[in-house]
Amino acid sequence: MKLYQRVAHEIEQGIRSGQYAAGSRLPAERDLAEQFHVSRPTIREAMIALEIRELVEVRHGSGVYVTEDMPADRTPAELNVGAFELIEARIMFEGEAAGLAATVMSDEEVARVGEILARMEALDPATAEELALDRQFHMAIAEGTQSSLVAQTVEHLWDLREQSPLCRHMFEQARQVGINPRPDEHRRVYDALVQRDSEQARSAMRAHLMRVSEDLLAVTELQLIEKAKQEIGEKRRRIARSPLADASH
């Protein structure tokens, strides 16, 4: 059982046993991370898994709440991998693939990567076509390693991103707040391929994928910031309505 699945299972048991009552807000992400001795990204993936199973609902700017109408206790659907787990694997495989490709790609293959990048740069980053070109860009590099096994592995990782409900959910959340692929990061990878600089290609690819992970973290951070703003606003309204505020005028 994956780490996020174990956390989601234990929280689900707590919900069904009454530890977390229907309609109540779950503890803060940081508190849950300390309770289960896991990272905050793992907690986020567990929350998404519970949300997909309709056990909790995320109220933006407020928190994560146990649903009022509890679904029947059933065998949970297999959600494959979480987004952060997937990106860790992509950093490992695609970073090395870019480093290898820089040394063995033909001029024609490098030119193909450049053509895909040019099409990406000409499009609105939020379009479905741009997202498809993002995959083509990474696959062209993997195929440029001249290793069918490397290409198959990278293709499998991209398939997981598109097929796993957990991954799809998180990437859709990112797009909803305007987080999309960055062509400038892809260009750094391409420039390293043109220069046949293996180390720079590896570094640029790893930096790009680490930025993807940071973007996904930012999705939740934006929600936390919005929650803090709302709480401050509410405190100000309470102070403005208090008798002491009236007495000061």
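These are my notebook entries on a few helices, one hairpin, a cavity and two buried residues. I'm working from a predicted model, not an experiment.

**Entry 1: helix α1**

I started with α1, which covers residues 3-17. I wanted to know whether its length made sense. With 15 residues at 1.5 Å a residue, the helix should span 21 Å, and its end C-alpha atoms are 21 Å apart, so the two agree.

Next I asked myself: which residues of α1 are buried? I found Tyr4, Gln5, Val7, Ala8, Ile11, Glu12, Gly14 and Ile15. I jotted down a reminder here: an α-helix has 3.6 residues a turn, so residues three or four places apart point the same way. Then I looked up what those buried residues pack against. My list has three helices, α2 (29-36), α3 (40-52) and α8 (165-176), plus the strands β1 (56-59) and β2 (63-66).

Last bit on α1: Gly18 follows the helix, and its phi is positive, near 95 degrees.

**Entry 2: the β1-β2 hairpin**

Since α1 had pointed me to β1 and β2, I went there next. The two strands pair in the antiparallel sense, over 4 bridges. They form a hairpin with 3 residues between them. To see who faces whom, I noted two pairs: Val56 is opposite Val66 in β2, and Glu57 is opposite Tyr65 in β2. In the turn I spotted Gly61, with a positive phi of about 85 degrees.

**Entry 3: empty space inside**

How many cavities of 30 Å³ or more does the structure hold? I counted 2. The largest has about 190 Å³ of space. Its lining is made of 18 residues, and the closest to its centre are Arg161, Phe171, Asn180, Pro181 and Val212.

I also checked which elements supply the lining. Those giving two or more residues are α6 (128-143), α7 (148-163), α8 and α10 (198-241). Of these, α10 gives the most, with 4 residues. I then sorted the lining of this largest cavity by class and got 8 nonpolar, 3 polar and 7 charged residues.

**Entry 4: helix α9**

I ran the length check again on α9, residues 183-194. Its 12 residues should span 16 Å at 1.5 Å a residue, and the end C-alpha atoms are indeed 16 Å apart. The buried residues I wrote down for α9 are Pro183, Glu185, His186, Val189, Tyr190, Ala192 and Leu193. Just past the helix, Arg196 has a positive phi of about 55 degrees.

**Entry 5: Phe137**

Phe137 is in helix α6. Is it buried or exposed? Its relative accessible area is 0%, so Phe137 counts as buried, the cut-off being under 20%.

What does Phe137 touch, not counting residues up to four places away in sequence? I found Val113, Ile116, Leu117, Met120, His186, Val189 and Tyr190. I had already met His186, Val189 and Tyr190 among the buried residues of α9. I looked up the spacing to His186 too: the two residues are 49 apart along the chain, while their C-alpha atoms are separated by 8.2 Å.

**Entry 6: Asp215**

My last stop was Asp215, in helix α10. With a relative accessible area of 10%, Asp215 is buried. Setting aside neighbours within four places in sequence, I found Asp215 in contact with Ile179 and Arg182.

Notes
Residues numbered from 1 in each chain as written. Predicted model: local features only at pLDDT ≥ 70, side-chain atom pairs only at ≥ 80, totals over all residues. Heavy atoms only, no water. Expected span 1.5 Å × (residues − 1). Buried < 20%, exposed > 50% of the residue type's maximum accessible area, 1.4 Å probe, protein only. Contact = heavy atoms within 4.5 Å. Pairing = 2+ DSSP bridges. 1 Å grid on protein atoms, 1.4 Å probe; cavity = no way out; pocket = protein on both sides within 12 Å on 5 of 7 lines; lining within 4 Å. Points joined across faces, edges and corners; volume = space filled by probe spheres on them. Nonpolar A, V, L, I, M, F, W, Y, C, P; charged D, E, K, R; others polar.
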